[in-house]
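I opened a new page in my notebook today. The plan is to look things up one at a time and jot down what I find.

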Amino acid sequence: MISVTSKSRYAVVALAELARTGENPMPIGQVAERRGIPVQFLEQLFSTLRRAGILISHRGAKGGYTLARPADQITVLEVVQALDGVVGQEGKEAGGIWEEGVESLRSTFRSATIADIARREAEEAGTGMYHI
């Protein structure tokens, strides 16, 4: 009923990696290696996120990807919906407790940003944000 796939989970952590490394473009292979995500899979996700206006691709020797907006302006809900479509549409149609559950999830995803995810990861790892 609530369809959030592993694509969204991988995309959110990959975007958090971009947020943690600053404004310089990061090659997709480096993001994939740091996060243990197959490069081909990440290429598909990044292509969708680029078309959705969440990422910018940079060509050339120093190319790679950067966030299209500051990390604190990109919500987890925006990323999930770019990849998985509208979250919980069936639950909203079912009403009652199903609608309440879906709205709870949407509220959590709407209030969490990529910057929040990067910050949480840094805190859990015992490190601060780093910028190169």
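**Entry 1: starting at A14**

I started with the neighbours of A14: leaving out residues up to four places away in sequence, A14 touches V31, I37, L42 and F46. Note to self: this is a predicted model. I then checked where A14 sits, and it is in helix α1. Is A14 buried or exposed? I got a relative accessible area of 0% for A14, so A14 is buried. I also looked up A14 against A125, which is 111 residues further along the chain. Their C-alpha atoms are separated by 16 Å.

**Entry 2: the next residue, L15**

L15 is found in helix α1 too. Its relative accessibility is 0%, so I put L15 down as buried. Which residues does L15 touch, not counting those up to four places away in sequence? I wrote down L49, I54, L55, L67, V79 and I114. Two of those names go together, because I found that L55 has L67 in β2 as its bridge partner. I also looked up L15 and F46, which are 31 residues apart in sequence. From C-alpha to C-alpha, L15 and F46 are 9.3 Å apart in space. F46 was already on my page as a residue that A14 touches.

**Entry 3: S8, still in α1**

Helix α1 covers residues 6-21, and S8 lies in it. I expected to have to think about this one, but S8 has a relative accessible area of 1%, so S8 is buried. The cut-off I need here is under 20% for buried. Leaving aside neighbours within four places in sequence, I found S8 in contact with V80, L83 and D84.

**Entry 4: the two strands**

Next I went to the strands. How do β1 and β2 pair? Strand β1, residues 55-58, pairs with β2 in the antiparallel sense, over 4 bridges. One of the partners I looked up is T66 in β2, which bridges to I56. Then I checked the hairpin of β1 and β2 and found 5 residues between the strands. In that hairpin G60 takes a positive phi, near 105°.

I wanted to know what covers β2, residues 64-67, so I looked at its two faces. G64 and T66 are on one side, Y65 and L67 are on the other, and all of them are buried. So I noted both faces of β2 as covered.

**Entry 5: A82 and R50**

A82 lies in helix α4, residues 76-84. Its relative accessible area is 26%, so A82 goes down as partly exposed. Not counting residues up to four places away in sequence, A82 touches T48, L49, A52 and I54. L49 and I54 had also come up as residues that L15 touches. For A52 I looked up the spacing as well: A82 and A52 are 30 residues apart along the chain, and their C-alpha atoms are separated by 6.4 Å.

Then R50, which lies in helix α3, residues 39-51. What is the relative accessible area of R50? I found 38%, so R50 is partly exposed. With residues up to four places away in sequence left out, R50 touches L55 and S57. R50 and A82 are 32 residues apart in sequence, and I found 9.9 Å between them in space, C-alpha to C-alpha.

**Entry 6: stepping back**

Last, I looked up the whole protein. It has 7 helices and 2 strands. From the N terminus on, I read the elements as α-α-α-β-β-α-α-α-α. The C-alpha trace spans about 55 × 30 × 25 Å along its principal axes.

What is the radius of gyration of the protein? It is 15 Å, and a compact globule of 132 residues would have one near 14 Å, so the two agree.

I also looked at how much is hidden: buried residues make up 39% of the 132 residues. The protein exposes about 7,300 Å², and carbon and sulfur atoms supply 50% of that.

For contacts with a separation of 6 or more, I found that 65% come from residues 24 or more positions apart. My last look-up was charge: I got 15 positive and 16 negative side chains. The centres of those two sets lie 7 Å apart.

Methods: Residues are numbered from 1 along each chain as its sequence is written. This is a predicted model: local features need pLDDT of at least 70, side-chain atom pairs count only at pLDDT 80 or more; totals for chains, interfaces and linings use all residues. Side-chain values use heavy atoms; hydrogens and water are left out. The radius of gyration is taken over C-alpha atoms; the globule rule is 2.2 Å times the number of residues to the power 0.38. Buried means under 20% relative accessible area, exposed over 50%, partly exposed in between (1.4 Å probe, protein chains only). Contact means heavy atoms within 4.5 Å. Accessible areas come from the Shrake-Rupley method with a 1.4 Å probe; for residues, only the protein chains shown count as cover. Lys and Arg count as positive and Asp and Glu as negative; His and the chain ends are not counted. The place of a charge is taken as NZ of Lys, CZ of Arg, CG of Asp or CD of Glu.
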